[in-house]
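Hi everyone, thanks for making time. I'd like to walk you through one structure today, so let's get it up on the screen.

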Amino acid sequence: MTTRGKLKPRLGAFYAVQLPEADDFAFWRERARGLVQCDVPPDRIAWIEPGATGSLFASGDTRLSPPPSDARAVRASKAFVQAAQTAMCHSDPDRFGLLYRLLWRLQGNPRALEDRADADVRRLDEFIRQVRRDMHKMRAFVRFRLVPTDADALGPEAAEHYVAWFEPEHHILRANAGFFVRRFANMRWSILTPQGSLHWDGDALCEGPPAQKADAPAGDAMEELWRRYYASIFNPARLKIGAMLKEMPRKYWKNMPETALIADLVAGAQGREATMIDAGAIAPEDRPDSLSAIDKAIHMCRRCPIGELETRAVMGEGPQDADLMIVGEQPGDQEDLAGRPFVGPAGHLLDEHLEQAGIDRAATYVTNGVKHFKFVMRGKRRLHQSPTAKEIDTCRWWIEDERALVKPKLVLALGASAARSMLGRTVSISRERGRAHGLGDGSELWITAHPSYLLRLDGAGREEQERLFDADLAAVAGRLAELAGR
Ligand code: URA
């Protein structure tokens, strides 16, 4: 590389740069730019972790002259900046040096990152993969515990404070903060780690010092719920220990209440397989005992990939003694924003047809089989994606709990996903609509099309489907009146 500008690095000068924070990308970028513009080659720089002390630092020359005014702009593609931002969160002390080497090389060869065989490029990829995996694991495995707070001093809303202890491998706490704020926006929580802590009071996020495990509480009712949930979704017929360990590596087990069950569940798997009818079935006495307990629990649920998306769980709504429960597939974009089921376009269409059939929505319990909105981004829009059979089956635990508490006489499933969430099998709407299916507890399931399906049709096709939809709703209204003895 040629020396640009008037200012040359002093021959033999050595630069030591100490980062103020382990993940301070803005600081690194600012320093790296200045060093490139002053033509300081990678091997003349020692990048030092925050808090480190030592001989290098003492003898290093940290005073870099400002770059010359005619120094060329530093080249760094958007892809490099994004990659560097993620890799900066890695715990390897060489990350700063690696990024500087790559930045240095990009000045002479803007395509340097495209050489997948290059050792530095491969290392960068590996850092990014490991950081992303750690972020994902944190999202999945943070377990909040409810701690009692002084309600008298702080007011009733402050009474519920959730605290989690987590030990990340990399410096991902700050990078993951947005996820937890969006996901648990309405809760008061703290996440404590050995690297620092985050505290959210429902309005503002603040950072705190590193913590110790003893600072976090152990054991509460929520833990018991997690344990029961895990036991209920554990399917011994599908036991694959290798895959389980890959998904939930042992190093995370110590802070997850449900993992206390794993050894017993694995040991008893074969015996249970013979008698197990339904992976979602659990004894009635093990159910959460209120709708608000389910509401809290679904907000924590990240048992399937949908729970990993940054959406909020949408709980069912309506009277707990409703005779009719209407089940949709999953919240849509509007429902996710409002936190209520069926408030978007499909909800408006449903309301119109319910009114026409003489079914009072206000007297109905309305919910969804899947509690989170599954989507893909298209530009700025979040496009609905259907849940997979496995995702619906994983979420059945919650809808079964709701049904056990509401005890409706009739359940109306809108569409094939909702019908699957009630029956645990694939359902053909055209073959199974418009008649009663026994649900085992004396209640009946009725199946019809989903209003979103009607919204996608037009012309004669739409008219025909609306007619069938109305006929199904009229049959449900008639059956409701019959059961009420009217
Ligand atoms: N579609 C559904 O299935 N449920 C909703 O809540 C909204 C749209």
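Okay, let's jump straight into a pocket. By class, the lining of the second largest pocket has twelve nonpolar residues, eleven polar ones and six charged ones. One thing to keep in mind throughout: this is a predicted model.

So how much volume does that second largest pocket have? About 740 Å³. It takes 29 residues to line the second largest pocket, and if you look for those nearest its centre, you'll find A346, H384, H450, S452 and R456. Which elements give two or more residues to that lining? They are α14 (333-338), α15 (345-357), β11, α17 (415-423) and α19 (451-456).

Hang on to H450, since we meet H450 again around the ligand. The ligand is surrounded by G328, E329, Q330, P331, G332, E335, P341, F342, N368 and H450. Let's zoom in on some distances. In the side chain of H450, an N or O atom sits 2.7 Å from an oxygen atom of the ligand. E329 comes in through its backbone instead: one of its backbone N or O atoms is 2.7 Å from a ligand oxygen. F342 also uses its backbone, with a polar atom there 2.9 Å from an oxygen of the ligand. And how much of the ligand does the protein cover? On its own the ligand has 240 Å² of accessible area, and the protein covers 94% of that.

Next up, the sheet. A quick reminder for anyone new to this: strands of a sheet pair through backbone hydrogen bonds, either parallel or antiparallel. Here we have an open sheet of five strands, in the order β9-β8-β12-β14-β13, and the pairing is mixed. Why do β9 and β13 each have one side without a neighbour in the sheet? Well, β9 (365-368) and β13 (437-438) stand at the edges with a single partner strand each, so there is nothing from the sheet on the other side. If you follow β9 to its partner, you get to β8, residues 324-328, and those two strands pair in the parallel sense over four bridges. Within that pair, M325 stands opposite Y365 in β9.

For an antiparallel example, look at β10 (residues 375-378) and β11 (residues 381-384), which are joined by four bridges. There, R378 is opposite R381 in β11. The hairpin these strands make has two residues between the strands, and G379 takes a positive phi near 60°. Remember, β11 was also one of the elements lining our second largest pocket.

Last stop: the cavities. How many of 30 Å³ or more does the structure hold? Three. The largest cavity has about 100 Å³ of space in it. Its lining is made of 14 residues, and C301, C304, H372, C395 and W398 lie nearest the centre. Sorting that lining by class, you get seven nonpolar, three polar and four charged residues. Both α13 (305-308) and α16 (389-406) supply at least two residues to the lining, and α16 gives the most, with four.

That's the tour. Happy to go back to any part of it on the screen!

Notes. Residues numbered from 1 in each chain as written. Predicted model: local features only at pLDDT ≥ 70, side-chain atom pairs only at ≥ 80, totals over all residues. Heavy atoms only, no water. 1 Å grid on protein atoms, 1.4 Å probe; cavity = no way out; pocket = protein on both sides within 12 Å on 5 of 7 lines; lining within 4 Å. Points joined across faces, edges and corners; volume = space filled by probe spheres on them. Nonpolar A, V, L, I, M, F, W, Y, C, P; charged D, E, K, R; others polar. Pairing = 2+ DSSP bridges. Near = heavy atom within 4 Å. Polar contact = N/O pair within 3.5 Å; in protein donor to acceptor, adjacent residues only side chain to side chain. Areas by Shrake-Rupley, 256 points an atom, 1.4 Å probe, with all protein chains shown as cover.
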